[in-house]
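Student: I'd like to learn how to read a beta sheet, starting from a single pair of residues. Can you walk me through one?

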Amino acid sequence: MKSSARAVVIGGGVVGASVLYHLAKIGWTDVVLLEKSELTSGSTWHAAGGMHTFNGEANISRLQKYTIDLYREIEALSGQSCGLHPNGGLMLAATPGELDSLRLICSRARYLGMETQMISLEQALEYNPLIDPSHFIGALWRADGGHCDPSGTTQAYVKAARKLGAEVERFTRVTALTQRRDGSWDVTTDKGTVHAEHVVNCAGLWAREVGHLVGIELPVLAMEHHYLITEDLPELVGRKREIVNTTDYLGEIYMRQERGGCLIGTYEPHGIVWSPVSTPPDFSMQLLPEDFERLAPYFEVGFKHFPALGRVGIRKAVNGPFTFAPDGNPLVGPVRGLRNYWVACAVMAGFSQGGGIGLVLSRWMAQNDPGQDIISMDVARYGAFATPKYTSIKVPENYARRFRLAYPNEELPAARPVRRSPIYTQLKNAGAVMGANFGLEHALWFAPPGVAPQETPTYRRSEAFPVVREECQAVRRGVGLYETTNYGKYEVTGAGARQWLDRVFACRIPRPGRLGLAPMLNEAGRIVGDLSIACLAEDHYLIVGSGFAEEFHLRWFWQAEPPPEVQVRSAASTLCGFSVAGPKARELLQPLTRLDISAAAFTLFSARRTAIGFTPAVLTRAGFTGELGYEIWTTPDYFETLYDDLRTAGEPLGLTLFGGRALSSLRLEKAYGSFNKDFRPDYTPGETGLDRFIDFQKSAFTGRAAAVAERASGPKRRFVVMELPVTDTEVIGYESIMKNGQAVGYVTSGAYGHCIGRSLAAGYVPATLARDGERFEIDIFGELRTALVRLEPLYDPKGERLRS
């Protein structure tokens, strides 16, 4: 075994093998994979080997497509067969909601370039004659997909990596990881020590334990998972091609052909956690005891929906553990505070996602950039709230919902509430229907008296629609109160704070008493943050951004290496906030403060320390509604008192509580984009329109060269807001935007504009077509609807109310 390497990959399953191959392919040939037992001996060897491109997140779908296409490449390089059965995928719908879901997948596939069709049940039977069509109302077919040989595929990655210079050490157990002062690692094994610049945790079932070696608790947990392989079926004799891999939403069943029989698996309710505290170190090439009695009712549903399966015997039963993160997506990327330590774990769909994960992680390690937006599988989407208890509750919930619909208005109940603001109970008593953002409860909308504080999951308009309309209109005509505690907050202090911020952010850093909108770019000139910076003093700044991205941005700040005299800290648990918005906002606030907040004295983007009633606070003139607005920040011990003072002062003015649903509508009426929805690391300043906040006169900031180059050449696409005909639904996200029958762009977010009476969709279209009044079509649940570009906001286009 070598004594040094540029990178050590820990774990010899399909993900570790893919990472090894991609690192070697990108030019890092001095890499070694360490596996404590035989390759594939954890979860990989007993996997069903399914591969598909279905995912609710478009960027993950792209990576899954890359993974499937990659297999021919590694077969050719390695000379090892992956055992490919590229027979496509079939999804069955039994309810109108499920049919909407399939139509949404089909719309998204247009822009992604994936051959996908809504088909009749008669056509579905041609792909899979085992279906009993009486249980279903529609189907979707996709060309990409099928299944592969788990062992053969892993070996193909490894053989290809070896041909590029990588090495593999089997039966080599990692026992310790020790970081040197220069950030490199001593990887101690039972066969000696390897000094490595980088370490990658691809340990699968043991990812948690490899995390413990460096003092972190990864939110990953293993679940028992069963599938059956039937005896040969007479119905399959004489077919020229295999039946298509089939997913049954209603039955929570997946199935595919396995030689002359079928493989059928289920993600049952009340799944069983495996090894909840620690994974046995010597578990290798082992299966778990069968549990037919518990699972019989769920497999019986499969036998009912595919009757031929119930008429033959069971040849083999497989029960093996697979790892999951709380939301079912992988955990990928660097870990804040641990230089050159990377993770690629909780990949339960390794044969669909493993190749893509190897690609983005190798880019990230070699180029400090994954090359595309992968926020939805970034390990930084979890923070300290994802404790072992949280993970132990959320993972089984996600497992049980593997084949259930994820409605856009649905909030999952497990492990809630975890994080609560000081006014959580007061808001609940006021009718708040809560969502959770980075583990923190926040109000979505407020049920008035006589309306139940609950919502039916749907892709179309729910009972919340008229309530949200009233909230929006109340803000526009009077004054509304929105809790902003769920925003991300950071304090930057110290003598060198301005100089450091000037390098990290692309904007001009505001002077004391002022606030600025602050785009943050990576070296490729793509958006990694859309924040605001308030300068409270030359050595004290308050930064506000998206709450879900708290750990993501903290890691970015850490990687930007603030000098010793600059302190960067999260204010997530030390500051709570409100937004007061509407034409009567000043009338509400002025009696509560001695600070002159008149239009002339406290202009847009002003920021001051002051007292609001009993409460010492930071007050800024800002907001996200497009109305006259203020944001107030204070510490948790004053927050309830501030709430009481604002409610009392607002009562004679008709103060209305409003939630996140109303805010989404109000901001799209003003054509404001939102980070994560509309602005993500796939987009540039010119594409998003955030280039107007960049200070191009600065000589140096992260991403400057790329931003200057784009400014010279112009963006290739533009963010626009479009209006659509009013029906019973709005866009969800990633629907294809069509022009002359071709997909030319995609939707990023949408809402009904309750104060303008229009259905709105935001998204990206080619820059040459980003003209006011330009006509497109958007595929919404299989129906093409006309969409007209509106370059000016449809509400208060000159911004007079914002500046009033």
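Tutor: Sure, and keep in mind that this is a predicted model. Let's begin with one bridge: Cys535 has Tyr541 in strand 26 as its bridge partner.

Student: How many bridges join strand 25 to strand 26, and which way do the two run?

Tutor: Five bridges join them, and the strands run antiparallel. Strand 26 covers residues 540-545. A hairpin of two residues links strand 25 to strand 26.

Student: What about strand 24 and strand 25: how many bridges do they pair over?

Tutor: Seven, again in the antiparallel sense, with strand 25 spanning residues 527-537. You can pick out facing residues here: Leu515 stands opposite Ala534 in strand 25, and Leu517 stands opposite Ser532. These two strands also form a hairpin, with five residues between them. Look at Gly525 in that turn: its phi is positive, about 75°.

Student: Now the whole sheet. What is the strand order?

Tutor: The order is 24-25-26-23-27, an open sheet of five strands with antiparallel pairing. At the edges sit strand 24 (515-521) and strand 27 (567-570), each pairing on one side only. On average, neighbouring strands in this sheet are turned by 25° against each other, direction ignored.

Student: Why is strand 25 described as largely enclosed by the rest of the structure?

Tutor: Count its buried residues, taking buried as under 20% relative accessible area. Nine of the eleven residues in strand 25 are buried, so the rest of the structure largely encloses this strand.

How values were computed: Residues are numbered from 1 along each chain as its sequence is written. This is a predicted model: local features need pLDDT of at least 70, side-chain atom pairs count only at pLDDT 80 or more; totals for chains, interfaces and linings use all residues. Side-chain values use heavy atoms; hydrogens and water are left out. Two strands pair if DSSP finds at least two bridges between them. Helices (H or I, at least four residues) and strands (E, at least two) are DSSP runs, numbered from the N terminus. Axes are lines fitted to C-alpha atoms, for helices over the stretch in contact, and angles run from 0 to 180 degrees between N-to-C directions. Buried means under 20% relative accessible area, exposed over 50%, partly exposed in between (1.4 Å probe, protein chains only).
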